[in-house]
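Welcome! Here is a short guided look at a protein model and the ligand it holds. Please have the view ready as you read.

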Amino acid sequence: MTDFKFEMTGLPDLGVDEVLLKTVYFSVDPYLRGRMNDVKSYVHAFEIDQPIESSGLATVIESKSDKFIPGDMVIGMLPWREITVVSDKVIDKIDSTREPVTYFLSILGMTGLTAYIGLMHICKPLAGETVVVSGAAGAVGLVVGQIAKIQGCRVIGITGSDEKVKLLVDKFAFDKAINYKTTNDLNKTLGEICNDGIDIYFDNVGGEVSDAVMSHLNSQARIAICGQISLYNTTARPLGPRIQPILLGKSAMMKGFLVNNYKSEFPDGIQYLTKWVNEGKLKFTETTFQGFAQLPAAFLGLFNGENIGKMIVKV
Ligand SMILES: NC(=O)c1ccc[n+]([C@@H]2O[C@H](COP(=O)([O-])OP(=O)(O)OC[C@H]3O[C@@H](n4cnc5c(N)ncnc54)[C@H](OP(=O)(O)O)[C@@H]3O)[C@@H](O)[C@H]2O)c1
């Protein structure tokens with residue numbers, strides 16, 4: 001927490017094509033951790049003494065843009081500020097009548113699309129297949145498991161508490177869930193639960209959880225590498241089992257993906273996600289921290305499993 005500080009600053013004058021925003025909700029996401037390393041990456045690193053930015057929802061207070069009027073609700077990558085001036089090019093208007101509006105940051109936004117694209121475009125599930133998802137009670141994982149159920153798959157979730165295990169099975173229709181923190185031998189437990197093997201692994205966490213999945217892959221298995229949160233804070237180069245012989249022997253396909261490389265698939269994805277939400281086939285939940293000052297705590301909470309569903313901060 002000592003790595004974060006809050007400051008009072010003045011606001012610049014509003015320029016042409018700019019809007020003054022009052023931020024309402026921020027999304028905090030594991031990938032922000034990567035932007036705290038000063039290394040070459042697909043997204044540039046945060047600068048020290050500059051505000052962190054993440055996806056947020058805001059209300060337009062004043063506008064010198066012909067695209068927005070006061071009262072509009074917008075979404076965009078926004079600096080962590082309560083009031084901010086931004087260019088009209090970095091925001092889009094959203095339908096503020098949609099309840100809850102935070103769905104645009106979660107199931108009908110980036111994390112929902114990540115689940116949809118990783119599962120449907122990379123893993124291509126078939127009815128009757130066994131799907132394992134790690135980080136199962138998180139923003140992406142909850143959606144992956146439920147879409148896999150809609151496709152007629154058997155779904156096993158791996159997650160970090162008994163409360164989450166119960167919720168996955170009782171509320172989100174997972175067939176089984178495993179608490180990786182209290183299971184002595186995850187490899188053995190997976191072998192017992194998935195006695196017909198694993199056809200699809202949607203990997204949100206990496207590390208030892210993923211190592212345990214590998215020995216149960218079926219022939220022609222597909223693995224989507226979505227996230228590796230268990231390794232984001234490690235400084236040493238992580239070592240693990242050599243999995244290439246397994247992939248070779250099982251003719252398995254493992255592919256990393258970044259959701260933003262699949263923008264052409266977004267309209268289709270949003271259409272399906274919206275349809276399933278409206279039909280009640282896709283349920284969702286969020287964990288909301290209250291108050292702008294809670295942004296760092298909410299972000300750090302992702303690494304302790306403090307969220308069920310999407311982690312959101314209400315400014
Ligand atoms: N490829 C892409 O384009 C893309 C897009 C979005 C997200 N992602 C990645 O997808 C993953 C999930 O993202 P999300 O937004 O849905 O986050 P999330 O799952 O809502 O939150 C993170 C969760 O990770 C689990 N976790 C934390 N430390 C862990 C550890 N050491 N081992 C195992 N699990 C751990 C915690 O749940 P437990 O209680 O289960 O431990 C925590 O709730 C992240 O790795 C993220 O970086 C990738």
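## Two crossing helices

Helices H2 and H8 are roughly perpendicular to each other (a label for angles of 65 to 115 degrees; under 35 counts as roughly parallel, over 145 as roughly antiparallel and the rest as oblique). The axes of H2 (residues 110-123) and H8 (residues 266-278) come within 10 Å and cross at roughly 105 degrees. Axes here are lines fitted to C-alpha atoms over the stretch in contact, with angles running from 0 to 180 degrees between N-to-C directions. Helices (H or I, at least four residues) and strands (E, at least two) are DSSP runs numbered from the N terminus.

Which residues of H2 and H8 make the contact? From H2 come Gly112, Leu113, Tyr116 and Ile117, while H8 brings Phe266, Asp268, Gly269, Ile270, Tyr272, Leu273 and Trp276; contact means heavy atoms within 4.5 Å. By class, this contact has eight nonpolar, two polar and one charged residues. Ala, Val, Leu, Ile, Met, Phe, Trp, Tyr, Cys and Pro count as nonpolar, Asp, Glu, Lys and Arg as charged, and the others, Gly among them, as polar.

## How the model is read

This is a predicted model, in which local features need pLDDT of at least 70 and side-chain atom pairs count only at pLDDT 80 or more, whereas totals for chains, interfaces and linings use all residues. Residues are numbered from 1 along each chain as its sequence is written, and side-chain values use heavy atoms, leaving out hydrogens and water.

## Around the ligand

The ligand is surrounded by 27 residues (each with a heavy atom within 4 Å of it). The closest are Lys164, Tyr180, Tyr232, Val259 and Asn307. The shell divides into 14 nonpolar, 12 polar and one charged. H2 appears again here, giving the largest share of the shell, three residues; H2 and helix H3 (139-150) each supply at least two.

Oxygen atoms of the ligand make polar contacts (pairs of N or O atoms within 3.5 Å). One such pair involves the side chain of Lys164, at 2.6 Å. Backbone atoms take part too: Asn204 at 2.8 Å and Gly160 at 2.9 Å. Taken alone the ligand exposes 900 Å², and the protein buries 91% of that (areas by the Shrake-Rupley method with a 1.4 Å probe).

## Two backbone details

Most residues other than glycine have a negative phi, and most peptide bonds are trans. Asp49, in the loop between helix H1 (31-34) and strand E2 (53-63), has a positive phi near 75 degrees. Glu99 and Pro100 are joined by a cis peptide bond, with omega about -15 degrees. Pro100 lies in the loop between strand E5 (91-93) and H2.

Conventions:
Polar contact = N/O pair within 3.5 Å; in protein donor to acceptor, adjacent residues only side chain to side chain.
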